[in-house]
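Q: Please take a close look at one loop of this model and at the helices around it. A connected account would be appreciated.

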Amino acid sequence: MKVNRKLQKYIEEAVFPRYETNDEAHQIEHSKYVIDRCFKLNKKANADVDMLYVIAAYHDIGYSIDYKNHEKVSAQMMYDDATLKKFFNEEQRLTMKEAIEDHRASLDGEPRNIYGKLLSSADRNVDIDESLKRIYLY
């Protein structure tokens, strides 16, 4: 799946470095794992890959700020990102915000849109080695 090159460059340079302040279980390796899983799951859903990439890239960005509410903090950080307004319209940004807010496994209810469903599923580790590594780091 091909992500817009300019968007990808922006995320890699401006967003990924912010993960350095998160605990070891929620750093960039985890987000890259979620991005990859989102793309694999998307083969059947056929959602917009640029939106999916941003959602997965931002999903835990607010963890070091407020881990108990990181999904809300992360969603707001994505929504407030002025550069993303160059790539997405208001409706797309609201859809992405909802998806990030809805991704947390402990939240009640089902995600409100396909992006939230893909992200929520991708964020759940099904690989035993990855799960054990993250448990240890956490």
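**The loop residue Asn46 and its surroundings**

A: In this predicted model, Asn46 is located in the loop between α2 and α3. Asn46 is not a glycine, yet its phi is positive, at about 60°. Most residues other than glycine have a negative phi. With a relative accessibility of 68%, over the 50% cut-off, Asn46 counts as exposed.

Asn46 follows helix α2, which covers residues 28-45. The 18 residues of α2, at 1.5 Å a residue, should span 26 Å; the C-alpha atoms at the ends of the helix are 25 Å apart, which agrees with that expectation. Within α2, the buried residues are Ile28, His30, Ser31, Tyr33, Val34, Ile35, Arg37, Cys38, Phe39 and Asn42. As general background, an α-helix has 3.6 residues a turn, so residues three or four places apart point the same way.

On the other side of the loop, attention turns to α3. Helix α3 (residues 49-58) packs with helix α1 (residues 5-15): their axes come within 11 Å and cross at roughly 5°. Because this angle is under 35 degrees, α1 counts as roughly parallel to α3. From α1, the contact is made by Leu7, Gln8, Tyr10, Ile11, Glu12 and Val15; from α3, Asp50, Tyr53, Val54, Ala57 and Tyr58 take part. By residue class, the contact of α1 with α3 comprises eight nonpolar residues, one polar residue and two charged residues.

Key: Residues numbered from 1 in each chain as written. Predicted model: local features only at pLDDT ≥ 70, side-chain atom pairs only at ≥ 80, totals over all residues. Heavy atoms only, no water. Helix = DSSP H or I, 4+ residues; strand = E, 2+ residues; numbered from the N terminus. Expected span 1.5 Å × (residues − 1). Buried < 20%, exposed > 50% of the residue type's maximum accessible area, 1.4 Å probe, protein only. Axes fitted to C-alpha atoms, helices over the stretch in contact; angles between N-to-C directions. Parallel < 35°, antiparallel > 145°, perpendicular 65-115°, else oblique. Contact = heavy atoms within 4.5 Å. Nonpolar A, V, L, I, M, F, W, Y, C, P; charged D, E, K, R; others polar.
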